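Let's take a friendly walk through this chain together. Have the viewer open as you read.

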Amino acid sequence: MPLNCGIVGLPNVGKSTIFNALTAAKAQAANYPFCTIDPNVGIVSVPDPRLDKIAELVKPSRVVPTTMEFIDIAGLVAGASKGEGLGNQFLGHIRSTDAVCHVVRCFDDPNVIHVAGGVNPLHDIDIINTELLLADLDSVEKRWAKSEKAARNTSDAKIKADFEALKKLKEALEAGKPARVVDLSEEERAAARELFLITAKPVLYVANVDEAGLTEGNQWTAAVEQRAAEEGAQVVRICGAMEAEIALLEPEERTEFLADLGLTEPGLNRLIHSAYKLLGLATYFTAGPQEARAWTIPVGTRAPQAAGVIHSDFERGFIRADAYHCDLLFQYGSEQAVKEKGLYRSEGKDYVVKDGDILFFKFNV
């Protein structure tokens with residue numbers, strides 16, 4: 001199952017427009033609050049020019065990109081943590097995601113209603129963040145009394161670590177700080193994971209701008225970028241309306257349209273790559289006459305576990321991985337040439353797979 005990003009934000013900030021362009025799923029999008037009720041889910045191919053170049057050189061029968069999942073979650077409003085605006089239902093949807101893409105409106109258009117009365121991205125961010133913090137604080141407080149009593153009456157290290165994690169998280173959340181910035185030990189992190197806290201998830205801010213604000217930004221994107229820098233978060237500028245138009249074009253028309261704007265790729269590609277990076281993911285490839293394929297792994301994955309992404313038998317019976325980096329293929333033009341240069345390696349079970357590796361697994365079960 002692909003890792004996923006939940007797209008969140010206030011109503012009418014452009015979440016569903018961006019989701020539609022991302023996935024061509026045609027999720028309902030309209031100029032009124034709570035247009036999205038049930039979350040829309042779309043599987044998105046991760047654009048990777050390296051896979052295209054591998055295919056040009058290897059000439060496989062088919063090419064299979066890696067994917068990730070985006071979930072369009074209905075707009076939150078002030079009071080969502082207390083059930084306002086169908087809030088608890090939507091907070092539950094966010095809990096099930098691996099990361100959060102927070103769409104913030106950074107354009108002015110009198111024809112598009114703003115639920116807060118005007119464009120103020122920092123105010124919008126604060127509304128969402130406050131609701132997520134309150135929801136997490138509620139989760140922590142529900143465990144507090146029982147955990148405190150258990151920690152007081154035992155010498156068990158795990159129970160004490162569980163309570164220490166709760167204590168640190170409660171203090172941070174009450175101070176308005178997200179769970180992801182709390183310094184926890186390994187044992188405490190394990191306890192925190194059991195809480196499924198929303199503010200523990202990594203966040204990418206998506207500044208939805210008009211066409212004029214796309215390249216240089218504007219006063220609103222500058223404010224969002226400053227806030228993100230303070231939080232150690234990332235920002236991507238997207239013109240949702242323009243991306244919706246680009247998504248409807250044929251490939252040749254799309255290239256021409258982007259060239260006229262002085263762009264080499266859709267802004268959505270940057271969004272997908274940023275979300276991929278946010279999730280701490282890397283890509284390795286398998287390449288042969290039948291298929292060139294990209295595979296997703298967490299950064300730092302060792303060879304047997306990378307093999308297990310293809311099939312559990314590959315991991316269970318792992319012997320070794322023949323490996324070389326795709327840059328070597330691009331430099332020398334063929335796998336055979338890489339071998340002749342003495343750059344084709346055999347790696348064992350402790351090898352940490354690098355982003356861009358081309359691997360061939362040997363196994364026996």
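What follows goes from the overall fold to the cores, one helix and the aromatic rings.

This is a predicted model, in which local features need pLDDT of at least 70, side-chain atom pairs count only at pLDDT 80 or more, and totals for chains, interfaces and linings use all residues. Residues are numbered from 1 along each chain as its sequence is written, and side-chain values use heavy atoms, with hydrogens and water left out.

The chain has 15 helices and 12 strands; these are DSSP runs numbered from the N terminus, with helices being H or I of at least four residues and strands being E of at least two. Of the 365 residues, 47% are buried, meaning under 20% relative accessible area with a 1.4 Å probe, protein chains only. Among contacts (heavy atoms within 4.5 Å) with a separation of 6 or more, 69% are between residues 24 or more positions apart.

Now look inside. A nonpolar core here is a set of buried Ala, Val, Leu, Ile, Met, Phe, Trp, Tyr and Cys residues joined through side-chain atoms within 4.5 Å. The largest one has 53 residues, and Met 68, Phe 70, Cys 101 and Leu 271 have the most contacts inside it. Helix 11 gives the most to this core, with six residues. Another core, of 16 residues, lies apart from it and includes Leu 133 and Leu 195. Back at Phe 70, its contacts beyond the neighbours within four places in sequence include Cys 5, Phe 19, Val 44, Cys 101 and Ile 272.

Helix 9 (residues 240-247) is a good next stop: Gly 240, Met 242, Glu 243 and Ile 246 are buried there. They cover an arc of only 160° around the axis, so they sit on the same side of helix 9; the arc is taken from the directions from the helix axis to the C-beta atoms. Their cover includes helix 1 (15-23), strand 7 (234-238) and helix 11 (267-278).

Finally, the rings. Rings of Phe, Tyr and Trp (its six-membered ring) pair if their centres lie within 6.5 Å, with planes under 30 degrees apart counted as stacked, over 60 as edge-to-face and the rest as tilted. By this rule there are five aromatic pairs. The centres of Tyr 284 and Phe 361 are 5.9 Å apart and their planes are at 85°, which makes the pair edge-to-face. Because Tyr 284 lies in strand 8 (residues 281-287) and Phe 361 in strand 12 (residues 357-363), the pair ties together parts that are 77 residues apart in sequence. Both Tyr 284 and Phe 361 are buried, and ring pairs link them with Phe 318 into a cluster.

Key. Buried < 20%, exposed > 50% of the residue type's maximum accessible area, 1.4 Å probe, protein only.
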